[in-house]
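Let's take a walk through this protein together. Keep the picture open and look for each part as we come to it.

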Amino acid sequence: MTCPPYAPGKSAPLNIAEITPGSYVHAVFLVASVEVREARTGNRFLRMSLRDRAGATIDAVMFQVTEAQIAAVTAGEPYEIEGRADEFRNRVNIKVDTLRRSDETWDATAYLPRSAKSAEELTGSIRDAVESIESPELKDVLRAVIADPLVAERLPQWPAAKTRHHAWIGGLAEHTVEMLQIADRVARVYPQLDRDLLLAGVVLHDLGKLEELDLQASIVYTDAGNLEGHMVQGVRILDRALAATGCDGEIATLLRHLVLSHQGLLEFAAVTEPMIPEAIALHYIDQLSSQVRPAIEDVGAARERGVRGEMLRGSTAMRELYVRAED
């Protein structure tokens with residue numbers, strides 16, 4: 001099959017959702033991320049993540065690149081891409097033949113994927129959960145937390161992760177709301193749990209990601225995020241609220257424990273492992289939201305591509321998944 005003739009500057013608008021395996025691709029995309037890798041032959045190639053104006057992304061590779069081509073590609077900038085779509089492990093990608101810096105103007109962060117729910121709805125649900133807490137002391141601490149300037153500014157838009165779960169604008173608030181809904185039900189099943197403490201742990205557990213992550217052409221880790229981690233950064237946010245409200249003693253220690261232990265195991269970056277029932281519940285509630293949601297996303301994306309009755313490797317869930325033959 002021959003490609004249509006190339007006409008510089010004449011690429012038609014194209015959304016990633018329209019790209020199918022084997023199709024010719026000639027369009028302008030934002031290079032969200034770029035890496036230089038080396039093949040077994042020793043030849044270097046570019047691995048890129050491309051984004052369209054709808055916020056969708058697609059992987060792309062460009063083989064046998066020169067030093068000049070490597071130097072010419074910068075994440076966060078739009079490029080005119082020409083190549084052919086391929087498929088690998090049920091994921092469409094682009095094998096790039098040529099790319100040129102486009103003169104189009106793109107706001108890199110404007111085209112990041114976004115939550116389907118509004119920031120007002122999500123943050124309102126979090127505030128409602130805080131107001132449902134019966135303990136005056138805990139409620140005061142949580143009110144101080146959500147009034148913290150960093151939290152107030154970033155929580156409505158920040159992602160919950162760089163990749164995998166809730167990795168989109170508003171993802172952290174959406175992840176928190178999902179967990180609050182689950183926690184409320186868990187507390188009904190286990191009335192021996194301190195519901196107030198469990199809800200407080202949900203609100204607090206990932207707030208350190210407001211400093212761990214940054215929004216650029218893609219979601220990236222900050223230097224401090226790499227060197228400290230979101231649990232340590234989250235405790236700092238909590239400590240500001242504890243100081244502002246004068247809360248100390250056992251309750252302050254328990255709140256810190258919830259943040260520092262929510263990853264569950266030391267080998268999974270927990271600072272300490274859960275040692276109270278509410279911390280154990282928090283860990284598994286976090287797992288439920290962060291593991292089930294990616295699987296739902298992967299299966300849904302596969303079904304949109306027409307996949308039925310097949311096994312696939314979930315690129316977001318990072319596990320083998322079966323796509324049911326029937327709805």
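Helices (H or I, at least four residues) and strands (E, at least two) are DSSP runs, numbered from the N terminus. With that in hand, find isoleucine 296, which lies in helix 11. This is a predicted model, where local features need pLDDT of at least 70, side-chain atom pairs count only at pLDDT 80 or more, and totals for chains, interfaces and linings use all residues. Residues are numbered from 1 along each chain as its sequence is written, and side-chain values use heavy atoms, with hydrogens and water left out.

Is isoleucine 296 buried or exposed? Its relative accessible area is 52%, so it is exposed (buried means under 20%, exposed over 50%, partly exposed in between, with a 1.4 Å probe and protein chains only). Isoleucine 296 also joins Leu288 and Val292 in a nonpolar patch on the surface, and together they have about 260 Å² of accessible area. Patches take residues with over 30% relative accessible area and no salt bridge, joining like charges within 9 Å and nonpolar side chains (Val, Leu, Ile, Met, Phe, Trp, Tyr) within 5 Å. The areas themselves come from the Shrake-Rupley method with a 1.4 Å probe, and for residues only the protein chains shown count as cover.

Now for the charged pairs. The structure holds 18 salt bridges, each one a side-chain nitrogen of Lys or Arg within 4 Å of a carboxyl oxygen of Asp or Glu. In one of them, arginine 44 pairs with glutamate 67, with the closest N and O atoms 2.0 Å apart. Arginine 44 sits in strand 2 (residues 44–51) and glutamate 67 in helix 1 (residues 67–72), so this pair ties together parts that are 23 residues apart in sequence. Arginine 44 is partly exposed at 31%, while glutamate 67 counts as exposed at 54%.

Have a look at arginine 143 and glutamate 131 too, whose side chains meet in a salt bridge (2.7 Å, N to O). That pair links helix 3 (residues 136–147), home of arginine 143, to helix 2 (residues 119–131), home of glutamate 131, twelve residues apart. Another salt bridge brings together glutamate 320 and arginine 313 (3.9 Å, N to O). Elsewhere, Glu174, Glu178, Arg293 and Glu297 are joined into one network by salt bridges that share partners.
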